[in-house]
Amino acid sequence: MNYLKLAVTITPVEEWLRDVLTAQLSETGFESFVETDDGFEGFIPEKDFNEKEVSNLLKTFDENHTFEVQKELIEEKNWNEEWEKNYFKPLVIAVKCLVRAPFHKDYPKLEYEIVIEPNMAFGTGNHETTSMMLEAILENDMQNKSVLDMGCGTGILGILSSMKGARKITAIDIDEWSFKGAGENAQINHIQNMEVKLGDASLLGDEKYDIIFANIHKNVLINDLPVYVRCLNKSGLLFMSGFYLEDIPDLRTKAEQVGLKETGFKSKNNWAVAVFEKPQN
Ligand SMILES: C[S@@+](CC[C@H](N)C(=O)[O-])C[C@H]1O[C@@H](n2cnc3c(N)ncnc32)[C@H](O)[C@@H]1O
């Protein structure tokens, strides 16, 4: 599958506008974004790109801003090079966990080391949502827990859960790159208790989990919350991310409707993680 890189320059560049545009573009099929000094770069499968939709979206803000848009086709075979050159740097999370690619040569030795083969799957730790979820895993007791990693991307959350002693991990993603990538990354990291499935929440049956991670965007989370609750053990924890701080009230309302209790949240650069518990009764 070929991808399209859309480089958007915003004049004057403003944080709120970058956030609004990337949030709205992610709803039209853009899968990941990289912040640049004067705007952002967005990545979308070429087949999903709708030029008119993007220009209509930009037009709604053109009274006070000007936009310059450049498109670049990234062929499948060039993607690894693109990552290596530009995006995937070794990353240290909470002084305990290193995330790196197989090609990295210089890196510190830490308690946990995750090797991620970069491909189109999301989740190298460089995005705020992934790094906050990794921190949450480091902070929580994973020993012997059964874990569901919804929207697993590279499988990074499931992999660290396993390294921290989780008993069994189910990792699910709707995207084929992620399905393949997460399986390969599990192998590279010698993880044997993580099952990777291709699909969405409709795959979830009667099995229950102690901990669910779901780093997906807001609309999917709100839609799938009732299924997550059904699949959580009592006193089980649901960690959600993939949304902005201002989305928390909507998620909170839905989570309360399905009987969850909020136990905390954190944020980085306006991205948020919210944690909910399924009560005993
Ligand atoms: C933001 S990435 C998170 C990846 C990884 N878990 C992490 O924390 O870095 C979201 C992932 O959710 C997947 N996704 C989107 N909609 C989904 C759905 N309805 N069900 C399952 N996965 C979905 C995407 O393909 C993508 O890999």
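## Exercises on a two-domain chain

Pro12 lies in the loop that runs between strand E1 (3–11) and H1, where helices (H or I, at least four residues) and strands (E, at least two) are DSSP runs, numbered from the N terminus. The model is a predicted one, in which local features need pLDDT of at least 70 and side-chain atom pairs count only at pLDDT 80 or more, while totals for chains, interfaces and linings use all residues. Residue numbers start from 1 along each chain as its sequence is written.

**Exercise 1.** Find which residue is joined to Pro12 by a cis peptide bond, and then describe the backbone at Ser235 and Asn270.

*Solution.* Begin with the peptide bond: Thr11 and Pro12 are joined in the cis form, with omega about -10°. Most peptide bonds are trans, and most residues other than glycine have a negative phi. Next take Ser235, which sits in strand E12 (residues 232–244) and has a positive phi near 65° although it is not glycine. Ser235 is exposed, with 10 other C-beta atoms within 10 Å; the classes are buried for 20 or more other C-beta atoms within 10 Å of a residue's own, exposed for 12 or fewer, and partly exposed in between, with C-beta atoms placed from the backbone. Finally, Asn270, in the loop between strand E13 (261–268) and strand E14 (271–277), has a positive phi of about 75°, and with 14 C-beta neighbours inside 10 Å it counts as partly exposed.

**Exercise 2.** Describe the domains of the chain and the side of domain 1 that touches domain 2.

*Solution.* Start from the domain assignment (automatic or from a database), which gives domain 1 (3–74) and domain 2 (82–277). Their C-alpha centres lie 26 Å apart. Then turn to the contact (C-beta atoms, placed from the backbone, within 7 Å), which takes eight residues from domain 1 and seven residues from domain 2. On the side of domain 1, helix H1 (15–26) and strand E2 (32–36) each supply at least two residues, and H1 gives the most, with three residues. Sorted by class, that side has four nonpolar, two polar and two charged residues, where nonpolar means Ala, Val, Leu, Ile, Met, Phe, Trp, Tyr, Cys and Pro, charged means Asp, Glu, Lys and Arg, and the others, Gly among them, are polar.

**Exercise 3.** Determine how many residues surround the ligand and which elements supply them.

*Solution.* Counting residues whose C-beta atom, placed from the backbone, lies within 6 Å of the molecule, one finds 22 around the ligand, and the closest are Gly123, Thr130, Gly151, Gly153 and Asp200. Helix H4 (128–139), helix H5 (156–163) and strand E9 (168–173) are the elements that give two or more residues to this shell, and H4 gives the most, with three residues. By class, the shell divides into eleven nonpolar, eight polar and three charged residues.

**Exercise 4.** Locate the nonpolar cores and the residues with the most contacts inside the largest.

*Solution.* A nonpolar core is a set of buried Ala, Val, Leu, Ile, Met, Phe, Trp, Tyr and Cys residues joined through C-beta atoms within 7 Å. The largest has 56 residues, and Met133, Ile212 and Leu238 have the most contacts inside it. E12 provides its largest share, six residues. Leaving aside neighbours within four places in sequence, Ile212 is in contact with Leu148, Met150, Tyr228, Cys231, Leu232 and Leu238. A second, separate core of nine residues includes Tyr3, Leu21, Leu25 and Phe30.

Methods. Two residues are in contact if their C-beta atoms, placed from the backbone, lie within 7 Å.
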